[in-house]
Each structure stands twice: as C-alpha cells, then as structure tokens.
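This report walks a new reader through a single structure, taking a few local features of the backbone, then a sheet with its helices, and then two buried residues. Please keep the sequence and the structure in view while reading.

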Amino acid sequence: MTDKRVYNFAAGPSTLPVEVLKEAQKEMLNYKGSGMSVMEMSHRSSAYAEIFDDTKATLKRVMNIPDNYDILFLHGGATQAFSAIALNLMQKGRADYVVTGNFANKAAKEATKFGDVHIAYDGKDNNYTHIPTQDELDIRDDIDYVHICENNTIFGTEWNYIPDTKGAPLVSDMSSDILSRPVDVSKYGVIYAGAQKNMGIAGLGVIIIRHDLVKPHKENIPVLCEYDTMVKKDSMYNTPPTFAIYMLGLVCHWIEDNGGLEAMAKRNEKKAKLLQDYLDSSDFYNYPTEKGSRSNMNVSYTTPSKELDAKFVKESIEAGMTNLKGHRLVGGIRASIYNAMTYEGVEYLVNFMKKFEAENK
Ligand SMILES: *Cc1c(COP(=O)(O)O)cnc(C)c1O
C-alpha cells in the first residue's frame, strides 16, 4: 500500500500523464456543464459528438494524417485488428508477414486462417533481438499487403526504417510506439494500435487506413470487422468505447501542449539513452538487443541469474517502482518507458540499478 504514485514501468496498460489524469478527474462528475460524466453520456449526444470529433481531429493533427486516410475507433484492441485486417485487405488472398516477435507472430497466425500467408522473415534464430534489413526480407510479388510490427513490446526492438514492399501496401502494428515519434503516415496502407500503451486506456483499437484500401466487405465476415461499414458509420455502428476515446483525446492534447511528436521523440530518445548507455557500460546487466534495432519504448535486459532477476524485481517494488518483471516468454527485466514515463522516473530506475549492481556483484 502506498499513498503516493509509483513509477509504473508496465508494458500495457501503462502509466498515463498525471496532467491527463487530473483533467479527467476534474471533468469526472460534470463534464463541461453537461451535468454528467463522459461515461454516462449517450454516444449519439451532441456533447459526446464534440468529444469524438475533437479526438479525431487532434489525433489527425498530431500525427499529420493525410486527408485520404480514415480513422477508426473500434473495440477489440490490436488483436481484433489482426483478424479484421486480414478479412478486409486480403482481396487476392495473399499477404506477407515479417515476424519480429510475439505479437507479429500472433498477427501472422491469425491471418493464416483467412488466406495464404508467407513469412517474409522470422527472427526466432536470433531470439528476436534484431530487426531485419531490407536484404533479409523475402517479399513475394502480387500480394495484398506486407505486415510488420513496428515496435516489439516484449523483446524491445523497433523498426528504424520503412521497408520497401515492392509496391504492396505496408500494414503496421504500432501498438507500443505510436505517438512516440513522428511517422510519415503516407508511406503506410494501414497503421493500427491498441490504445493502452501510448495512447490512453484499454478497450480501444485505433485504425488509420488509406481510403482506397477500404473495399466492400466480404459477405461472411462479422459486422464489427467490416471496415467499410465502420467507415460509413464513423465507428458508430454500435456503441464505441466512449470513455477510452475521450481519454485518447486528452492524451493527444497533452502531446500537442508539450510540443508534438518531434518533442516526444526527443524526450524519448533522451530517456532511453540514459538507460541503454548504462546497460552497455555495465558488465553486470546483459542487454542483448542489437544496436540499431533497439526500441526507445521497451528495454528488456537481465541480471546475471534468474535468482537475481527475482531479487531485482522484489527490491524495485520496495523502492517504489512496479511492473519491471520481464514478460513470461523471456523472463528478466523489462522497463517500458512510454511517453508518459518521466525522465526523473528513468533516472530513478538507473540509480536503483547502480545500487543493485554494487550490492550484488
Ligand atoms: C499489446 C500489443 C498487442 C495486443 O494488444 P491488445 O490491445 O491487447 O489486443 C498487439 N501488438 C503489440 C505490438 C502490442 O504491444
């Protein structure tokens, strides 16, 4: 039990900017004179329509999304999009997937249910510590799209270039690095993300799709997966995740008020560098992720033993930090340092790590 806020390094749901939480708190009981909270509003009311439209417009400004892209706010997080993207975009029934980690693999597996999926690269031999170069990608001709996972949340790798797809639309799962740096949206066919990492809270999947890729849906797919229907209904075929959309709006305004994505990228680089430089300089911790493939959002590393990993996690909790335990697939330690994690938070972690190293060497 604690009466103050901890440094929360969770991979998702994850820490939110305090300013955003305070704003939501201020507006909780009576949203701008409506006499009710956002949670209690009809999604068809004019008060909610304003929130919805403003969230969309703000996200569009922040990411510089061109006019020929549709923005969808849907249920089901990123995982629903694994299915929906294959169901909507596989017009010829052929897609290539680049497997750089667990979620990339899950997306490929799901798509296999609906068409001919070719694995253009699989990083399992290097334990997903490496993002493939262009030469390592085996991309077929005449496919519907190429799918990548931009940032691998578990293994802590991130794409640092946009691959050449031989003209096929590029589909990117940006769940864990969207809004962390500027992206040229026009280079992508689809960008999608679960909101609970860097965009807000759980329950919302954001889909940014180039309009010409929104085709009449196949007859036999679930209605909530029909992207053309969702575009036509502006994400309101059924009740959308109203509060999560509102929170996304607050987060987008917070980003704008703090200098936009350029400023976020600078902050994130500075934070990540502090931790990564220390890891590289230490002969106690092992940080296997290849230089050039490293993520500024998730940093996965180990101490010299499983016992020390467990001790690290236990003592980090006592020191006021949470969720530093690595994903069950890889063990070790993982620090997720999304936009809302402060520089002070990372500094606090690094100081703790230095002390832990000195005490356990
Ligand atoms: C968390 C995550 C997912 C899964 O997101 P859900 O919203 O839980 O479906 C998918 N891809 C990546 C890269 C993630 O980090």
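Pro-13 is found in the loop between β1 (7-8) and α1 (18-26), and in this predicted model the peptide bond that joins Gly-12 to Pro-13 is cis, with omega at about -10°. Most peptide bonds are trans, and most residues other than glycine have a negative phi. Two asparagines go against the second of these tendencies: Asn-64 has a positive phi, near 55°, and Asn-127 has a positive phi near 50°. The table sets out where each of them lies and how accessible each one is.

| Residue | Phi | Place | Relative accessible area |
|---|---|---|---|
| Asn-64 | near 55° | loop between α2 (46-63) and β2 | 64%, exposed |
| Asn-127 | near 50° | loop between β4 and β5 | 47%, partly exposed |

Asn-64 counts as exposed because its relative accessibility of 64% is over the 50% cut-off, whereas Asn-127, with a relative accessible area of 47%, falls in the partly exposed class because this value lies between the 20% and 50% cut-offs.

**The sheet and its helices**

In what order do the seven strands of the open sheet run? The order is β2-β10-β9-β8-β5-β3-β4, and the pairing is mixed. At the edges are β2 (69-74) and β4 (116-122), each of which pairs on one side only. From one strand to the next, the twist averages 15°. The pairing of β3 (residues 94-99) with β4 is parallel and runs over six bridges, and within it Val-98 has Tyr-121 of β4 as its bridge partner.

Two helices pack on this sheet. Helix α3 (residues 77-89) touches β5 (145-149), β8 (170-173), β9 (190-194) and β10 (205-210), and its direction makes about 155° with that of β9. Helix α4 (residues 102-112) touches β3, β4, β5, β8 and β9, and its direction makes about 160° with that of β3.

**A buried aspartate**

Asp-144, like Asn-127, belongs to the loop between β4 and β5. Which side chain of opposite charge is nearest to the buried Asp-144? It is that of Lys-92, at 4.8 Å, and Asp-144 has no salt bridge, because a salt bridge requires a side-chain nitrogen of Lys or Arg within 4 Å of a carboxyl oxygen. The side chain of Asp-144 does, however, reach two backbone nitrogens, that of Gln-91 at 3.2 Å and that of Lys-92 at 2.9 Å. Leaving aside neighbours within four places in sequence, the residues in contact with Asp-144 are Leu-89, Met-90, Gln-91, Lys-92, Gly-93, Arg-94 and Pro-169; among these, Leu-89 is part of helix α3 and Arg-94 is part of strand β3.

**A buried glycine**

Further along the chain, Gly-326 is found in the loop between β12 (321-322) and β13 (333-336). Is Gly-326 buried or exposed? Its relative accessible area is 11%, so Gly-326 is buried, the cut-off being under 20%. Not counting residues up to four places away in sequence, Gly-326 touches Gly-331, Gly-332, Ile-333 and Arg-334, of which Ile-333 and Arg-334 are part of β13. Between Gly-326 and Thr-112, which are 214 residues apart in sequence, the distance in space is 29 Å from C-alpha to C-alpha; Thr-112 is part of helix α4, described above.

Notes:
Residues are numbered from 1 along each chain as its sequence is written. This is a predicted model: local features need pLDDT of at least 70, side-chain atom pairs count only at pLDDT 80 or more; totals for chains, interfaces and linings use all residues. Side-chain values use heavy atoms; hydrogens and water are left out. Two strands pair if DSSP finds at least two bridges between them. Helices (H or I, at least four residues) and strands (E, at least two) are DSSP runs, numbered from the N terminus. Axes are lines fitted to C-alpha atoms, for helices over the stretch in contact, and angles run from 0 to 180 degrees between N-to-C directions. Contact means heavy atoms within 4.5 Å. Buried means under 20% relative accessible area, exposed over 50%, partly exposed in between (1.4 Å probe, protein chains only). Lys and Arg count as positive and Asp and Glu as negative; His and the chain ends are not counted. A polar contact is a pair of N or O atoms within 3.5 Å; within protein, one must be able to donate a hydrogen and the other to accept it, and residues adjacent in sequence count only if both atoms are side-chain atoms.
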